Amino acid sequence: MDEFTRKFDFSKEQDAEIHRILLTVYQALEEKGYNPINQIVGYILSEDPTYITNHNQARTLIRKIDRDELLQILVRKYLNYSDAPEEKDTEN
């Protein structure tokens with residue numbers, strides 16, 4: 001029997017779970033008439049769960065995400081996918 005070490009990467013599954021949670025929270029906030037972006041940003045900055053509605057268990061779900069980890073993912077995704085035109089024009 002061949003023995004080898006398998007490497008398992010949780011980051012893709014973890015990112016997918018965080019994405020699912022954020023979408024659910026976003027939809028719950030929208031359904032209740034809130035501005036979802038403002039409410040989520042308020043929660044991220046303050047870690048005060050009252051920024052998030054209890055509707056569809058959104059508050060419980062968002063608290064499952066580590067705030068520091070969420071910030072790392074958001075910055076990583078933004079830097080990977082943004083065109084960042086300001087940086088391209090720095091030579092002029």
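Let's start with the empty space: the largest pocket here has a volume of about 260 Å³. Keep in mind that this is a predicted model. Rolling a probe the size of a water molecule over the atoms is how such empty space shows up.

So what lines the largest pocket? You'll find His 19, Leu 22, Leu 23, Tyr 26, Ile 37, Ile 40, Val 41, Ile 44 and Leu 74 there. The elements giving two or more residues to that lining are helix H1 (11–31) and helix H2 (36–46). Sorted by class, the lining comes out as eight nonpolar residues, one polar and no charged ones.

Now walk along H2. At its start, a side-chain oxygen of Asn 35 comes to within 3.1 Å of the backbone nitrogen of Ile 37. Just past the other end of the helix, Glu 47 takes a positive phi of about 60 degrees.

In between, H2 has a set of buried residues: Pro 36, Gln 39, Ile 40, Gly 42, Tyr 43 and Ile 44. These pack against H1, helix H3 (58–62) and helix H4 (67–81). Two names should ring a bell, since Ile 40 and Ile 44 also turned up in the pocket lining.

Gln 39 is worth a stop of its own. Why does Gln 39 count as buried? Because its relative accessibility is 18%, and the cut-off for buried is under 20%. And what is Gln 39 in contact with, once you leave aside its neighbours within four places in sequence? Those partners are Leu 29, Tyr 34, Tyr 51 and Ile 52.

Methods:
Residues are numbered from 1 along each chain as its sequence is written. This is a predicted model: local features need pLDDT of at least 70, side-chain atom pairs count only at pLDDT 80 or more; totals for chains, interfaces and linings use all residues. Side-chain values use heavy atoms; hydrogens and water are left out. On a 1 Å grid over the protein atoms alone, a cavity is a set of points where a 1.4 Å probe fits but cannot get out, and a pocket is an open set with protein on both sides within 12 Å along at least five of seven lines; lining residues have an atom within 4 Å of a point. Grid points are joined across faces, edges and corners, and a volume is the space filled by probe spheres set on the points. Helices (H or I, at least four residues) and strands (E, at least two) are DSSP runs, numbered from the N terminus. Ala, Val, Leu, Ile, Met, Phe, Trp, Tyr, Cys and Pro count as nonpolar, Asp, Glu, Lys and Arg as charged, and the others, Gly among them, as polar. Buried means under 20% relative accessible area, exposed over 50%, partly exposed in between (1.4 Å probe, protein chains only). Contact means heavy atoms within 4.5 Å. A polar contact is a pair of N or O atoms within 3.5 Å; within protein, one must be able to donate a hydrogen and the other to accept it, and residues adjacent in sequence count only if both atoms are side-chain atoms.
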